[in-house]
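Q: I would like a close look at one part of this model, followed by how that part sits in the rest of the protein. Please take it step by step.

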Amino acid sequence: MEVILLGTGGPRPDPRRMATTTLIKLGEENILFDAGRGVMVQLSKAGVPLGAINTVFLTHHHFDHIGDLYDVMLNSWMQGRKDELRIFGPPDTERLVNTLVTQVYDKDIAWRDQGEPSFGGWKPVVATDIVPGPVLDTGRWKISAELVSHGDGLDMSPAFLARWMCLGYRFEAEGKIIAISGDTVPCPGLERLAEGADLLVQVCFLATPEINNEHFRRLAKYTIACGDTVGKVAAKAGVKKLALTHHRPRTDDTMLSALLADVQKDYSGPVVLGEDLTRIEV
């Protein structure tokens, strides 16, 4: 089993990183977590057959995590996908996917489906809205979701918060556990999904010296975990290996070194400072 960090950046364009997207390779199966900027190009660079993507799990609906979902849907089909593409995500995922298929890319799909028969006809995309709890058990692997906290303490309307859900995932196969944090700050859901994990793929946006104004202090408290807390989470959960992703755009590696030092103050296990296309054996 192998994890590939396809993208390790965020919403802002960064010449060094694509948006946060993670792939789990289990034999011939390829399970995708989010579909951010550049996902299909990164899969191609990683040598993954694009037609072999059949399952996608979305953590939430920020554009840096779903911005290239259309590309996964269309190019997996154009590159040989024979089965339906299953997409699981928080409530509104079904509406979002159906909008892409029936309103945004409907002409493109119809043109290729009817005009280019070599593709073998449109292969369905099936979206499912999920909530925290068990999600899927294939007999070979199983996955569950946890509710995580991403901006829950910010000043947003109750109507918006009623529609807002962010998930992390716990993937289990071959006696191993991989936890995908999703975008979150420390919270009970993150603790549960990370407990005893062989690998935790954890968002980690800022080093402590970068948390130097009110905006970044609010971000570190409410929106996305940073170097001041990530090591503590991994240590408390007994994580065997930690991979850091979702980094702030930087022009040099000075603060990345500070970020690593932050985490290692609290966590003594191996730490992978994620770069795009980093491969991690589990």
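Leaving aside its neighbours within four places in sequence, which residues is Thr-278 in contact with?

A: The model is a predicted one, in which local features need pLDDT of at least 70 and side-chain atom pairs count only at pLDDT 80 or more, whereas totals for chains, interfaces and linings use all residues. Residues are numbered from 1 along each chain as its sequence is written, and side-chain values use heavy atoms, with hydrogens and water left out.

Apart from neighbours within four places in sequence, Thr-278 is in contact with Val-3, Ile-4, Leu-5 and Val-272, where contact means heavy atoms within 4.5 Å. Thr-278 belongs to strand E14, residues 278-281; helices (H or I, at least four residues) and strands (E, at least two) are DSSP runs numbered from the N terminus. With a relative accessibility of 17%, Thr-278 counts as buried, because buried means under 20% relative accessible area, exposed over 50% and partly exposed in between, with a 1.4 Å probe and protein chains only. Its side chain also has a polar partner, since a polar atom of that side chain lies 2.6 Å from the backbone oxygen of Glu-275. A polar contact here is a pair of N or O atoms within 3.5 Å; within protein, one atom must be able to donate a hydrogen and the other to accept it, and residues adjacent in sequence count only if both atoms are side-chain atoms.

One of these partners leads on to another part of the model. Val-272, in contact with Thr-278, is also in contact with Leu-242, whose other partners beyond four places in sequence include Leu-199, Val-230, Ala-234, Val-263 and Tyr-267. Leu-242 and Val-263 touch the most other members of the largest nonpolar core, which has 36 residues; such a core is a set of buried Ala, Val, Leu, Ile, Met, Phe, Trp, Tyr and Cys residues joined through side-chain atoms within 4.5 Å. Two or more residues of this core come from each of E10, helix H7 (188-194), strand E11 (199-203), H8, helix H9 (230-237), E12 and H10. A second, separate core of 28 residues includes Leu-50, Leu-96, Val-101 and Ala-127.

Tyr-267 and Pro-270, both in contact with Leu-242, are also among the contacts of Lys-240, together with Gly-196, Ala-197 and Asp-198. Lys-240 is found in the loop between H9 and E12, and a polar atom of its side chain lies 3.4 Å from the backbone oxygen of Gly-196. On the far side of E12 (242-245), in the loop leading to helix H10 (254-266), comes His-246, which is buried with a relative accessible area of 3% and has a phi near 60 degrees, a positive value in a residue other than glycine.

H8, one of the elements that contribute to the largest core, spans residues 214-223 and has Phe-216, Leu-219, Ala-220 and Thr-223 as its buried residues. Viewed down the axis of H8, these buried residues fall within an arc of 120 degrees, so they line one face of the helix, the arc being that of the directions from the helix axis to the C-beta atoms. An α-helix has 3.6 residues a turn, so residues three or four places apart point the same way. At the N-terminal end, Asn-213 caps H8 through a side-chain oxygen 3.1 Å from the backbone nitrogen of His-215. Thr-223 has a relative accessibility of 19% and counts as buried, and its contacts beyond four places in sequence include Ser-149, His-150, Leu-154, Asp-183 and Arg-218.

As for the whole protein, it has 10 helices and 14 strands, and 54% of its 282 residues count as buried. Among contacts with a separation of 6 or more, residues 24 or more positions apart account for 68%. A compact globule of 282 residues would have a radius of gyration near 19 Å, and the 18 Å of the protein agrees with this; the radius is taken over C-alpha atoms, and the globule rule is 2.2 Å times the number of residues to the power 0.38.
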